[in-house]
Amino acid sequence: MATANDFSFSGLNIPRNTGNRVGSNVTLLNVDQIPGLNTLGISLARIDYAPNGGLNPPHTHPRATEILVVVEGTLYVGFVTSNPDNRFISKVLYPGDVFVFPFGLIHFQLNIAKTPAVVFAGLSSQNPGTITIANAVFGSDPLINPDVLAKAFHLDIKIVNYLQKLFGGNSE
């Protein structure tokens with residue numbers, strides 16, 4: 001039996017801790033947090049960014065388009081279109097600006113201001129998923145064969161090994 005709690009969430013007004021490697025924190029409200037979203041095809045996120053370079057790193061949502069609105073701060077945002085063009089589309093956003101990241105494309109947001117930034121993002125799925133590119137490529141479990149990554153990224157294998165250690169990949 002559904003209750004009001006299945007359709008609500010409190011606390012999205014509270015800033016989140018951005019003291020991590022990338023300087024951002026995503027608070028995702030999907031069907032796991034709000035069961036009433038089941039079958040509705042939407043979810044919501046609050047993203048907090050540290051001053052001077054807080055980054056929501058390059059990632060993709062395999063099941064959703066994203067639209068975000070800047071509430072505080074100044075963000076440099078962008079996405080890359082699919083092969084064969086791989087066009088980079090970017091813009092600097094200010095409070096009140098809105099930007100759309102099309103379904104499944106790699107995108108990011110970077111706080112270029114000296115103050116914290118906050119955005120709210122709507123996603124076109126109750127379970128959009130997130131694949132952070134660097135984590136997936138260099139931090140997989142088990143690790144992707146370093147020869148594959150060295151060739152794909154035109155890198156020395158020592159660099160690949162270093163990146164795999166940095167991203168916590170599991171070689172077992």
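Me: Over how many bridges do strand β3 and β10 pair?
Reply: The model is predicted: local features need pLDDT of at least 70, side-chain atom pairs count only at pLDDT 80 or more, and totals for chains, interfaces and linings use all residues. Residues are numbered from 1 along each chain as its sequence is written, and side-chain values use heavy atoms, leaving out hydrogens and water. Helices (H or I, at least four residues) and strands (E, at least two) are DSSP runs numbered from the N terminus, and two strands pair if DSSP finds at least two bridges between them. Strand β3 covers residues 55-60 and pairs with β10 in the antiparallel sense, and the count is two bridges.

Me: Which residue in β10 is the bridge partner of H59?
Reply: Strand β3 spans residues 55-60, and β10 spans 131-132. Opposite H59, the bridge partner in β10 is T132.

Me: Which are the edge strands, those that pair on one side only?
Reply: The open sheet has five strands with antiparallel pairing, in the order β6-β5-β8-β3-β10. Pairing on one side only marks the edge strands, which are β6 (88-93) and β10 (131-132).

Me: What is the order of elements in the protein chain from the N terminus on?
Reply: The secondary structure comes to three helices and ten strands. From the N terminus on, the elements run β-β-β-β-β-β-β-β-β-β-α-α-α.

Me: How many bridges join β4 to β7?
Reply: β4 pairs antiparallel with strand β9 (residues 117-123) over six bridges, with E72 and V118 as bridge partners. β4 and β7 also run antiparallel, and E66 stands opposite F101 in β7. The number of bridges joining β4 to β7 is four.

Me: Which element supplies the largest share of the nonpolar patch?
Reply: A patch is made of residues with over 30% relative accessible area and no salt bridge, joined within 9 Å for like charges and within 5 Å for nonpolar side chains (Val, Leu, Ile, Met, Phe, Trp, Tyr). Here I67, V69, V71, V98 and V100 form a nonpolar patch on the surface with about 360 Å² of accessible area together, by the Shrake-Rupley method with a 1.4 Å probe, where for residues only the protein chains shown count as cover. β4 (66-72) and β7 (98-101) each supply at least two of these residues. The largest share, three residues, comes from β4.

Me: Does V69 count as buried, partly exposed or exposed, and what is the value behind the class?
Reply: Buried means under 20% relative accessible area and exposed over 50%, with partly exposed in between (1.4 Å probe, protein chains only). V69 is found in strand β4. V69 counts as partly exposed because its relative accessibility is 31%.

Me: What is the angle between the planes of F79 and F99?
Reply: Rings of Phe, Tyr and Trp (its six-membered ring) pair if their centres lie within 6.5 Å; planes under 30 degrees apart count as stacked, over 60 as edge-to-face and the rest as tilted. By this rule there are seven aromatic pairs. One of them is F79 and F99, a tilted pair at 6.1 Å centre to centre, with an angle between the planes of 55°.

Me: How many residues apart in sequence are the parts that the pair of F79 and F99 ties together?
Reply: F79 is buried at 9% relative accessibility, and F99 is buried at 10%. F79 lies in strand β5 (residues 75-80) and F99 in strand β7, so the pair ties together parts whose separation in sequence is 20 residues.

Me: What is the N to O distance where the side chains of R46 and D48 meet?
Reply: A salt bridge is a side-chain nitrogen of Lys or Arg within 4 Å of a carboxyl oxygen of Asp or Glu, and the structure holds one. R46 is buried at 5% relative accessible area, and D48 is buried at 4%. The salt bridge between R46 and D48 has an N to O distance of 2.8 Å.

Me: Which residues does UniProt list for "binding site"?
Reply: UniProt positions are given in the numbering used here, with shortened feature names, and annotations may be inferred rather than shown by experiment. One listed residue lies in strand β3 and is buried at 8% relative accessibility. In the unreviewed UniProt entry, the residues under "binding site" are N56, H61 and E66.
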